[in-house]
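Subject: The structure you asked for

Hi,

Here is the structure, as promised. Have a look through it when you get a minute, and then read on for my notes.

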Amino acid sequence: MPTRTPAAPPPGRTPARGLSARAVVDLLCHARAANTVLKPGLEVTLPRMARDAGVQDDEDALAARLLAAWSDTVRAHVEAGTHEVSLSGGVDSAALCAMVARHAPGKVRAWTMDVHFADTVERSNARRMAKVTGAELVDVLIPDAVLPDLFEQAVLANQTVILNARAVASFVFYLEAHRMGAGPVLLSGAGADEVLQGTPGAMASAKARVDEDRALALEILRQDAPAVVDNLRASFRDDSRDHETSLGAPRGAVDNSGTPLDGTGLRDQNPGARVEPPAGETGPVPSGTRGRDQTASPRDRLQPVDNLRGVSEGVNSDHAPVSPPVDNLGAVLAALPAPWDLTPEASSASQELRYAEWVLRELILPPELRGARAQGLTVRTPYLDPGFARVALALPESVLMRDGFGKWLFRHAVRSLVPDEVRLARKMPRYGHTALSSPVRTRWLELYRAWLSPERLEPLQVIAPRAVSRLLERYTRLSPEDAQAGVMDRLLMRLVSLAMLQAHTEAHPPCPES
């Protein structure tokens with residue numbers, strides 16, 4: 001299908017509804033959560049646990065405790081009637097599939113994704129896990145050409161900005177899986193990295209990418225845009241929030257049916273909106289997701305992580321630049337707070353927890369939960385269930401990272417469930433950006449040009465169209481391996497997302513009663 005050219009709004013008009021100038025600037029400069037642009041974001045609160053300073057028991061005892069918690073968590077989902085899993089082939093989804101099969105032998109159906117940037121080793125491992133566990137494996141083919149064509153639908157379903165093709169692929173994956181008979185509930189491995197420190201050095205890598213994003217965003221903001229920092233020198237305003245509404249008392253992570261993981265009434269949509277459990281379910285139902293098993297170590301020794309979660313090729317630029325980026329007044333942007341440090345309400349949590357909640361809220365859960373929900377599927381995340389998360393988050397760091405591996409104790413704990421070649425597989429390099437590396441590069445660039453026109457950017461009020469045009473032309477001349485490709489693509493995709501969200505809001509104003 002051809003890429004749709006968006007209809008232009010009437011010229012010279014300031015939008016009466018939609019995204020505020022303040023929200024756009026804050027989002028582009030990581031001064032508020034992406035999920036708060038149009039409506040309250042996903043509220044994610046992990047158990048407030050402190051990691052033990054040292055190992056209180058031997059590793060085998062800790063591993064046995066972790067495995068028991070994992071078994072209990074997955075069994076609760078199986079007893080609720082869920083036997084379908086999203087299987088990427090990494091250790092997280094492999095262990096999930098194996099444990100479901102242990103509690104429901106012969107009843108498991110596993111869904112996997114065939115897309116051009118999928119890791120070939122993981123796809124082979126997914127097939128191996130299906131054979132080992134006796135699961136029925138269903139392969140969902142995602143042609144490259146559908147990703148730019150369905151980008152707008154993915155943005156509207158996720159109700160947030162999209163950073164690369166992985167989020168779009170997740171949307172298409174659930175769309176096709178539902179068409180092929182999946183569900184109504186799937187379990188996903190998302191969240192394992194966040195509660196088990198699956199990616200060594202992830203926080204430093206993320207801060208470097210935030211600094212890159214902030215520096216490049218300053219190039220395309222109008223001179224009269226609301227200042228995110230006082231004269232681009234001071235840190236973010238004290239009233240900045242990465243939530244539109246206060247989280248209030250600590251609450252658990254949520255699944256996309258709105259069922260709280262701990263039964264406290266949390267929702268991943270507008271607070272107060274009542275969501276009934278799926279047909280056929282009774283009582284509180286445990287939650288579930290689909291994660292990634294990564295092993296990145298300090299950026300001077302192993303591959304940097306890409307702009308969603310995977311590991312990018314070492315020649316890409318979604319890692320720290322040689323020197324910290326600076327704004328046009330000379331202030332060092334690296335001195336500004338990381339976005340996960342901006343929320344006073346989360347001050348009681350450790351930096352590890354604040355970072356994990358930010359990653360889940362900003363990057364991991366929207367494609368998994370909202371994207372699936374738009375297709376009529378419920379995705380639940382056992383790794384984020386409080387019972388398992390409490391055990392995982394209390395483990396000493398000394399048993400979580402070893403020899404460049406993250407999640408070491410978990411890998412050790414599931415040795416009876418997952419073959420060594422899957423359990424100990426290292427993450428392979430992945431593309432961290434979209435248009436330049438895509439087999440349908442021309443169609444991606446057509447989408448960018450259509451949505452980054454002056455007519456589409458003007459309603460956002462704070463974007464300098466000429467600066468965006470110059471950036472886009474610079475970008476189109478790059479090779480996929482260029483050091484600037486990753487950060488440019490992240491910004492361009494966020495701008496396209498914002499233009500789509502604004503256009504949709506203008507075309508579909510809220511009801512007066514709402």
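Below is what turned up, going from the whole chain down to single residues.

One thing to keep in mind throughout: this is a predicted model.

**The whole chain**

The protein chain has 514 residues, and 61% of them count as buried. Its secondary structure adds up to 17 helices and five strands. If you take the contacts with a separation of 6 or more, 81% are between residues 24 or more positions apart. The accessible surface is about 19300 Å², and carbon and sulfur atoms make up 52% of that.

As you may want to know about cysteines: how many disulfides does a search of the whole structure find? The count is zero. Two cysteines I looked up are both tucked away by the numbers. Cys29 has a relative accessibility of 4%, so it counts as buried, the cut-off being under 20%. Cys97 is at 0% relative accessible area, and is therefore buried too.

**The strands**

Strand 1 (residues 84–86) runs parallel to strand 2, and three bridges join them. Here Glu84 has Arg109 in strand 2 as its bridge partner. To get from strand 1 to strand 2 the chain goes through helix 3 (residues 91–103), in a right-handed β-α-β crossover.

Next door in my notes is the pairing of strand 2 (residues 109–114) with strand 3 (residues 136–141), which is parallel as well and has six bridges. Between these two strands the chain passes through helix 4 (residues 120–133), and this β-α-β crossover is also right-handed. If you want to find the pairing on screen, look for Ala110, which stands opposite Leu137 in strand 3, and for Asp114, which stands opposite Leu141 in strand 3.

**The nonpolar core**

As background, nonpolar side chains tend to be buried together in soluble globular proteins. In this model the largest nonpolar core holds 141 residues, and Leu28, Tyr448 and Ile463 are the ones that touch the most other members. Which helix gives the most to this core? That is helix 17 (residues 485–507), with 13 residues.

Ile463 is a good place to start clicking. Leaving out residues up to four places away in sequence, Ile463 touches Val24, Leu28, Ile220, Leu221, Arg222, Leu457, Val468 and Leu495.

Helix 17 also contains Glu506. Is Glu506 buried or exposed? With a relative accessibility of 16%, Glu506 falls below the 20% cut-off and so counts as buried. From Glu506 to Pro459 is 47 residues in sequence, while their C-alpha atoms are 9.5 Å apart in space.

**Pro184 and its cis bond**

Most peptide bonds are trans. The one joining Gly183 and Pro184 is cis, with omega at about 15°. Where is Pro184? You will find Pro184 in the loop between helix 7 (165–179) and strand 4 (185–187). Its relative accessible area is 47%; buried needs under 20% and exposed needs over 50%, so Pro184 is partly exposed.

As for neighbours, Pro184 touches Gly376, Leu377 and Thr378, again not counting residues up to four places away in sequence. There is also a link back to strand 1, in terms of distance: the C-alpha atoms of Pro184 and Glu84 are 9.0 Å apart, although the two residues are 100 apart along the chain.

**Two glutamines with positive phi**

Most residues other than glycine have a negative phi. Gln159 goes the other way, with a positive phi of about 55°. Gln159 sits in the loop between helix 6 (151–158) and helix 7. At 16% relative accessibility, Gln159 is under the 20% cut-off and therefore counts as buried.

Gln197 has a positive phi as well, near 50°. Its place is the loop between helix 8 (192–196) and helix 9 (202–220). With a relative accessible area of 11%, Gln197 is also under 20%, so it is buried.

That's the lot for now. Shout if anything is unclear.

Cheers

Conventions
Residues are numbered from 1 along each chain as its sequence is written. This is a predicted model: local features need pLDDT of at least 70, side-chain atom pairs count only at pLDDT 80 or more; totals for chains, interfaces and linings use all residues. Side-chain values use heavy atoms; hydrogens and water are left out. Two strands pair if DSSP finds at least two bridges between them. Helices (H or I, at least four residues) and strands (E, at least two) are DSSP runs, numbered from the N terminus. A crossover is right-handed if, with the strands pointing away from the viewer, the path from the first strand over the helix to the second runs clockwise. Buried means under 20% relative accessible area, exposed over 50%, partly exposed in between (1.4 Å probe, protein chains only). Contact means heavy atoms within 4.5 Å. Accessible areas come from the Shrake-Rupley method with a 1.4 Å probe; for residues, only the protein chains shown count as cover. A disulfide is a pair of cysteine sulfur atoms within 2.5 Å. A nonpolar core is a set of buried Ala, Val, Leu, Ile, Met, Phe, Trp, Tyr and Cys residues joined through side-chain atoms within 4.5 Å.
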